[in-house]
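Trainee: Before we go through the assignments, could you show me the model and explain how each label follows from its value?

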Amino acid sequence: MSLFEKVEAEVEIKASAKRFHEVNSKRVAEVPKLSPNFIQSVDLLEGEWGKEGSVMCWYFVFDGKAVMSKEVIETIDDKNHLVTFKVIGGILKEMYKSFKFIIQATPKGDGSLVHWTLEYEKLNADDPDASSMLQFAVGQSKDIDAHLALE
């Protein structure tokens with residue numbers, strides 16, 4: 001039995017695909033300000049903000065606990081408004097053998113559709129799936145969208 005799994009969700013937002021993508025790629029340092037209900041802070045450890053290969057630590061409250069996730073930006077595709085973060089340390093690395101966030105924004109009307117894909121490998125077959133992290137990501141998207149509307 002394979003321990004590789006994937007969960008996906010879409011959320012419709014008012015912000016353009018380009019603006020939402022820029023927040024998740026070029027403006028990552030601003031995410032705590034744009035999503036204060038979900039992300040407390042983010043620190044750049046290696047590289048430059050908004051560049052592939054950059055390593056950062058995200059600090060947030062998940063399932064009632066203050067946690068950290070150390071991630072590297074694997075892919076930034078400006079043409080397709082797609083960014084991939086690979087988890088390399090922290091809470092998700094403790095819970096899963098591997099974990100990736102893939103975020104893609106697609107234009108839809110005046111706004112966009114944000115597609116989240118979480119790809120991961122469980123440590124054990126009976127470990128929980130990543131649905132609670134997926135709901136966190138969807139909520140964060142809505143939080144960012146609300147703050148972008150104020151800019």
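Mentor: This is a predicted model, and a search of the whole structure finds five salt bridges.

Trainee: What makes Lys122 and Glu5 a salt bridge?

Mentor: Their side chains meet at 3.2 Å, N to O, and because the criterion asks for a nitrogen within 4 Å of a carboxyl oxygen, the pair qualifies. Lys122 belongs to strand β7 and Glu5 to strand β1 (residues 4-13), so the contact ties together parts that are 117 residues apart in sequence.

Trainee: Why is Lys122 called buried, and why is Glu5 called partly exposed?

Mentor: Lys122 has 8% relative accessibility, and buried means under 20%, so Lys122 counts as buried. Glu5, with a relative accessible area of 29%, falls between that cut-off and the 50% over which a residue is exposed, and is therefore partly exposed.

Trainee: How do you know that Glu121 has no salt bridge?

Mentor: The nearest side chain of opposite charge, Lys97, is 4.1 Å away, and a salt bridge has to be within 4 Å, so Glu121, although buried, is left without one. Glu121, found in strand β7 (residues 111-122), does touch Lys97, along with Leu3, Phe4, Tyr96 and Ser98, when residues up to four places away in sequence are not counted.

Trainee: What makes Glu74 and Lys100 a salt bridge?

Mentor: Their closest N and O atoms are 3.0 Å apart, and the cut-off is 4 Å, so the pair meets the definition. Glu74 in strand β4 and Lys100 in strand β6 are 26 residues apart, and the pair links distant parts of the chain.

Conventions: Residues are numbered from 1 along each chain as its sequence is written. This is a predicted model: local features need pLDDT of at least 70, side-chain atom pairs count only at pLDDT 80 or more; totals for chains, interfaces and linings use all residues. Side-chain values use heavy atoms; hydrogens and water are left out. Helices (H or I, at least four residues) and strands (E, at least two) are DSSP runs, numbered from the N terminus. Buried means under 20% relative accessible area, exposed over 50%, partly exposed in between (1.4 Å probe, protein chains only). Lys and Arg count as positive and Asp and Glu as negative; His and the chain ends are not counted. Contact means heavy atoms within 4.5 Å.
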